[in-house]
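Hi,

Here is the structure I promised to pass on. Have a look at it first, then read my notes below with the viewer open.

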Amino acid sequence: MSYKYKDNNVSNLDNYSKGTARDYVDYLQNNKFSGDDLNKTENDEDDLSEFKDETIRTKLKEKIWDSSATIVLISPNMVDHYKSQNEQWIPWEISYSLRSSIKNNSRSLPNAVLAVVLPDQDNNYDYFITYRSYQDDDGNERSIRTIHTGSTFEIIANNMFNQKNPVTENIQGRIVYFGDSSYIATVKWDDFISDVDTYLESALSRRDHISDYKIKVNM
């Protein structure tokens, strides 16, 4: 799981006096998953800026090697704009999650990756997901969902809306994507916890069809 450890601009969960992204990891571990090997990320205090590539590979590649899916918790302050993106943990974790690797004559395939958007302190998601209503040609009320990819790391944004042959439609001057258009799909926290298995199975299905996507592994 990849997340911004100290981001406290998120909605409080029950039994926590102050909400942080880490609380959501604890909730998933205690309520939705079993075992203690789910959390393979580092603390927010860790800094990659002085590390060589080989050190980064040692720290991250081993953690991701035996996993099949990476859950990215999107939070309002996940990006530190005062550091370059390659100095932050999350882009490296996503990069290694998307790579094929060889170790001891064994091959690790790219992970499935799912972006779960956490609610902010006001219990809203509109810092990352917004909706716009419109009427179709038959006068029916419809809604377009917009994902604000500019609010996250480039490697995450570059693996959204990256299907090689997407199904699209021009609606009121905007290109709208349908179906599994993103390798890293986006889901709200509330929707995710209501049906975890379905969303993970969908992510794993995209992994099985990864050749249908233009995967970007470099930051």
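**Helix α1 and its salt bridge**

Let's start with helix α1, residues 21-31, which is mostly covered: 8 of its 11 residues are buried. Before going on, please keep in mind that this is a predicted model. The buried residues of α1 are Ala21, Arg22, Asp23, Tyr24, Val25, Asp26, Leu28 and Gln29. What do they pack against? Their partners are β1 (69-74) and α5 (189-194).

Two residues on that list deserve a second look. The side chains of Arg22 and Asp26 meet in a salt bridge, with 2.9 Å from N to O. Side chains of opposite charge can pair when their charged atoms come close. Arg22 and Asp26 are separated by about one helical turn, because they sit 4 residues apart in helix α1. Both Arg22 and Asp26 are buried. How many salt bridges does the structure hold? The count is 1.

**The whole protein**

Now zoom out for a moment. You should be able to find 6 helices and 9 strands in the protein. It has 219 residues, and 42% of them count as buried. The accessible surface comes to about 12100 Å², and carbon and sulfur atoms account for 39% of that. As for contacts, take those between residues at least 6 apart in sequence: 66% of them join residues at least 24 apart.

**Asp120 and its loop**

Next, go to the loop between β4 (112-117) and β5 (129-135), where you'll find Asp120. Asp120 is buried yet has no salt bridge. How far away is the nearest side chain of opposite charge? That side chain belongs to Lys188, and it is 11 Å away. A salt bridge needs the two charged groups within 4 Å, so this pair doesn't qualify.

Asp120 does have a polar partner, though: a polar atom of its side chain lies 2.9 Å from the backbone nitrogen of Asp122. If you leave aside neighbours within four places in sequence, Asp120 is in contact with Asn9, Val10, Ser11, Pro76, Asp126 and Tyr127.

While you're there, click on Asn123, which is also in the loop between β4 and β5. Its phi is near 65 degrees, a positive value in a residue other than glycine. Most residues other than glycine have a negative phi. Is Asn123 buried or partly exposed? Asn123 counts as partly exposed, because its relative accessibility is 45%.

**Phe161, Ser182 and a nonpolar patch**

Another positive phi turns up at Phe161, where the angle is about 55 degrees although the residue is not a glycine. Phe161 lies in the loop between α4 (154-157) and β7 (167-171). With 33% relative accessibility, Phe161 counts as partly exposed.

Phe161 also helps to form something on the surface: together with Ile175 and Tyr177, it makes a nonpolar patch of about 270 Å². Tyr177 comes from strand β8 (residues 174-178). Tyr177 is partly exposed too, at 34% relative accessibility.

Which side chain has a polar atom 2.6 Å from the backbone nitrogen of Phe161? The side chain is that of Ser182. Ser182 lies in the loop between β8 and β9 (185-188). Ser182 counts as buried, because its relative accessibility is 10% and the cut-off is under 20%. Not counting residues up to four places away in sequence, Ser182 touches Asn159, Met160, Phe161, Asn162, Arg206 and Tyr213.

**One last stop: Ser95**

Finally, find Ser95 in helix α3 (residues 89-97). How much relative accessible area does Ser95 have? The value is 0%, so Ser95 is buried. Apart from residues up to four places away in sequence, Ser95 touches Ile155, Val217 and Met219. Ser95 is also a nice example of how far apart in sequence two residues can be when you compare that with their distance in space: Ser95 and Ile156 are 61 residues apart in sequence and 9.0 Å apart from C-alpha to C-alpha.

Have fun clicking around, and write back if you get stuck.

Cheers

Notes:
Residues numbered from 1 in each chain as written. Predicted model: local features only at pLDDT ≥ 70, side-chain atom pairs only at ≥ 80, totals over all residues. Heavy atoms only, no water. Helix = DSSP H or I, 4+ residues; strand = E, 2+ residues; numbered from the N terminus. Buried < 20%, exposed > 50% of the residue type's maximum accessible area, 1.4 Å probe, protein only. Lys, Arg positive; Asp, Glu negative; His and termini not counted. Polar contact = N/O pair within 3.5 Å; in protein donor to acceptor, adjacent residues only side chain to side chain. Contact = heavy atoms within 4.5 Å. Patch = residues over 30% accessible without salt bridge, like charges linked within 9 Å, V, L, I, M, F, W, Y side chains within 5 Å. Areas by Shrake-Rupley, 256 points an atom, 1.4 Å probe, with all protein chains shown as cover.
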